[in-house]
Amino acid sequence: MKQGAVSLLTIMLAVLPGGVGIPSTASAETVLKTGGSGFGLGVMELLAEAYEKSHPGVRVTIVPSLGSSGGIKALLNGSLDFAVSGRPLKEDEKSHGGNAMELARTPFVFIVNGKVNKHDITTRELENIYSGRMAAWPGGAPLRLVLRPKTETDTAIIKGISPAMEQAMESAFAREGMIMAMTDQDSASAVDRVSGALGSGTLTQVLTEKRPVRILSLNGVRPSIKGIRDGSYPLAKTLYLVTSPKTPEAARQFIAFIGSKAGRQILSKYGNLAAEAR
Amino acid sequence: MNDRNRVIRITTAIAGAVAVVVTLLMPLGYFLISYRHMTGSLETEAEINSRIISELVNANPDMWRYEQVRLEELLARRPSGGAQETRRLLDLDGKTVAESVTPLTPPLLRETRDLKAAGVTVGRIEISRSLFPLLAGTGAAALLGLGIGLTVFVTLRVLPLRAVFRAEEELCRLNEELELKVEERTRQLAEAQDELVQREKLALLGMIAAGMGNELRNPLGVMSNAVYFLQSVQPDATETVKEYLEIIREEIDNSQRIISDLLDYYRITTPRTAVVPVDALIGESLARCSIPENIRLRTETAEMPFAVRVDSIQMGQVLRNLVTNAVQAMPDGGSLRIRARKVQGTRNEERGNKDLNLEPRTSNLEPCADFVEISVKDTGEGIAPENMTKLFQPLFTTKSRGIGLGLAISRKLIEANGGRIEVKSCLGDGTTFTVTLPVGG
């Protein structure tokens, strides 16, 4: 990062009233680097595109998925200007200067391969699938389960659906032949690629990455912003933006853009319930 | 004994060598095979994990170090039933980026693979396994090998030696048997030689006796005539004179009979056989014998007359001799039974047609014609067991008078006529002589 050249510009932008949304007049290009949780990277790309259009001197680089922990660690180590996280900060991360702000919430969804003739799934069916009692789809096609690592937020959300689901998840981890996806992108790709696959993801990821998978309604409720707003759809992931004392002003301005009306519109368009809109 | 010790030494050496090889092969083989398998699977694990993690590294060549959680999750993924492992990811400076630690007992076996991003090494993966289970297994294999080795040693040493010793004992036994047989044969040869010498002596003595007998016959004949003359011309002689003349006559008769026996024994002529009715043979023989009144005579012959093919003069002499012996065996009287009957018999060819075997036929005996059995049974004192084998020897006698040639002559005559003679006796219960002759007609 061209830290020395950028600092003055970012400070100037920060002091400008209503600086957000004002096209940059700097001649030197400012490069912002961000990364972290995979599910938020798609919408972050769209936000970056929009921001770069209005700020020609700024380029936002989004590194491939590092995961929430990896992104925060890279931020605190100075390798990122700000990070995208799917979870709040841990105490030790806060003690190292980390500061998280809730950006939006997006429905956590179950997705299936496009060839699977399934549109809705129930909690009981999920329990049976993850416990191994249900190994085929109603039509007889084999069912392939795509899991996420135990430490991932997705795993924690699925475990939290019901007590039986927690046991079923442990059973799934103990079984042979499970597909283990290390990143959100790997998970979506696996569901897209493997016939009969069932996995998890977020509404915003599927929309922003234009994944050819089918999003299932849960217990008859379709995942939507409205659903998580009124609580009719129970599962959601929260997207956080994490900064550190080293986060440059230019990055803070980009973050301010995300919180602006234009940013919130993009978030909302791609399946996110922006924090300020709740 | 030296050979035996040598066999023991060689067998022990071979058994020991095989046992040592087996004992060492078990743990050595187990260790080598297991070690090879372990290193192979460790290399495979390292290769697979390096490739998987290299993919992650390639996705973020500059930032992969920050994906610690994911990397540790990846490192923690193990094949089910796999060995205990500690896995570490190290950067180029050797600093640990991520690890999945399992406590391992040293010594450790370690395998390392480079992590590459776009062909450039950015770090390495290190997988360690404990050699302790392998060494423990090798120890167990060594114990098993020791047990098998001992079993092999005992089997290879004890069983062959036992067989050798048994063979040796069998050989000793056969040697002893052979020595006994040789001794027996030697004894039989010595006896045969003694008998031959005895016969030669007897033959010589017989020739002398026969010569002397011939020479004595004439003076005895003169003496007999003289006695007869004296008895004829002195009818009025005193009783004492008559008694002494009678004694002289009887002793002359005895002397002549002894001389006749001697001549008969050594000058047996070839039998002139003819078919002779058995009852006639017995009757004529009895007619020429003097049987005291205190002896009850009983003859048993078959209703249907049958005959034998013999020399009637020789067989008559035999029967008279047997009847005379029986009478002499019963000085206080008794019962004399003479019985003749036909019997089925066999002839033993191996004995040169000389011995008859009248026992039930067996496969090695050639069936032959009927025989006639004539038995002479008395109720005298019987014969002592120790004398039974000597009865037919020449010059053996238990009588105060006689020279012991009667039965010897009888046997020679019977055998010359194709028969044989047997005797059964029980002290206090009498004696039975049985003559078996070939049937005639």
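## Pockets and buried helices: a friendly walk-through

The largest pocket in this predicted model has a volume of about 1,500 Å³.

Reader: Which element gives the largest share of the lining of the largest pocket?

Author: Happy to start there! H4, H6, H8 and E14 of chain B each give two or more residues to this lining. In total 46 residues line the pocket, and B:Asn321, B:Thr324, B:Asn325, B:Gln328 and B:Lys399 lie nearest its centre. The largest share, ten residues, comes from H6(B).

Reader: How many residues in the lining of the largest pocket are charged?
Author: Let's split the lining by residue kind. There are 18 nonpolar residues and 18 polar ones, and the charged residues number ten.

Reader: Where does the second largest pocket lie?
Author: First, some background: chain B is divided into domain 1 (1-204) and domain 2 (270-440). The pocket has a volume of about 630 Å³, and its lining has 16 residues, with B:Glu195, B:Arg199, B:Tyr265, B:Pro394 and B:Arg411 nearest the centre. Because both domains give residues to this lining, the second largest pocket lies between domain 1 and domain 2 of chain B.

Reader: Which element gives the most to the lining of the second largest pocket?
Author: Helix H3 (132-233), H4 and H8 of chain B each supply two or more residues here. By kind, the lining divides into eight nonpolar, three polar and five charged residues. With five residues, the element that gives the most is H3(B).

Reader: What distance separates the centres of domain 1 and domain 2 of chain B?
Author: Good one to ask after that pocket! The domains span residues 1-204 and 270-440. Taken over C-alpha atoms, their centres are separated by 87 Å.

Reader: Which elements do the buried residues of H8(B) pack against?
Author: Helix H8 covers residues 406-416 of chain B, and its buried residues are B:Leu407, B:Ala408, B:Ile409, B:Ser410, B:Leu413 and B:Ile414. After the helix comes B:Gly418, with a positive phi near 80°. The buried residues of H8(B) pack against four elements of chain B: helix H4 (239-266), helix H6 (312-329), strand E13 (420-426) and strand E14 (430-440).

Reader: Is B:Ser375 buried or exposed?
Author: This serine is found in strand E12 (residues 371-378) of chain B. Beyond its neighbours within four places in sequence, B:Ser375 is in contact with B:Arg337, B:Ile338, B:Arg339, B:Thr432, B:Phe433 and B:Thr434. The cut-off for buried is under 20% relative accessible area. Because its relative accessibility is 5%, B:Ser375 counts as buried.

Reader: Why is helix H3 of chain A largely enclosed by the rest of the structure?
Author: Let's look at its residues, 67-76. The buried ones are A:Gly67, A:Ser68, A:Ser69, A:Gly70, A:Gly71, A:Ile72, A:Ala74 and A:Leu75. The helix is largely enclosed because, of its ten residues, the number buried is eight.

Reader: Which helix of chain B do the buried residues of H3(A) pack against?
Author: Within chain A, these residues pack against strand E1 (30-36), strand E3 (82-85), helix H4 (91-95) and strand E10 (236-243). Just after H3(A), A:Gly78 has a positive phi of about 90°. From chain B, the packing partner is helix H2 (68-76).

Reader: What percentage of the residues of chain A count as buried?
Author: To finish, here is the whole chain: chain A has twelve helices and eleven strands. Its exposed area is about 11,800 Å², with 53% supplied by carbon and sulfur atoms. Of its 278 residues, the share that counts as buried is 55%.

Conventions:
Residues are numbered from 1 along each chain as its sequence is written. Chains are lettered from A and ligands numbered from 1 in the order in which they are written. This is a predicted model: local features need pLDDT of at least 70, side-chain atom pairs count only at pLDDT 80 or more; totals for chains, interfaces and linings use all residues. Side-chain values use heavy atoms; hydrogens and water are left out. Buried means under 20% relative accessible area, exposed over 50%, partly exposed in between (1.4 Å probe, protein chains only). Accessible areas come from the Shrake-Rupley method with a 1.4 Å probe; for residues, only the protein chains shown count as cover. Contact means heavy atoms within 4.5 Å. On a 1 Å grid over the protein atoms alone, a cavity is a set of points where a 1.4 Å probe fits but cannot get out, and a pocket is an open set with protein on both sides within 12 Å along at least five of seven lines; lining residues have an atom within 4 Å of a point. Grid points are joined across faces, edges and corners, and a volume is the space filled by probe spheres set on the points. Ala, Val, Leu, Ile, Met, Phe, Trp, Tyr, Cys and Pro count as nonpolar, Asp, Glu, Lys and Arg as charged, and the others, Gly among them, as polar. Domain bounds come from an automatic or database domain assignment.
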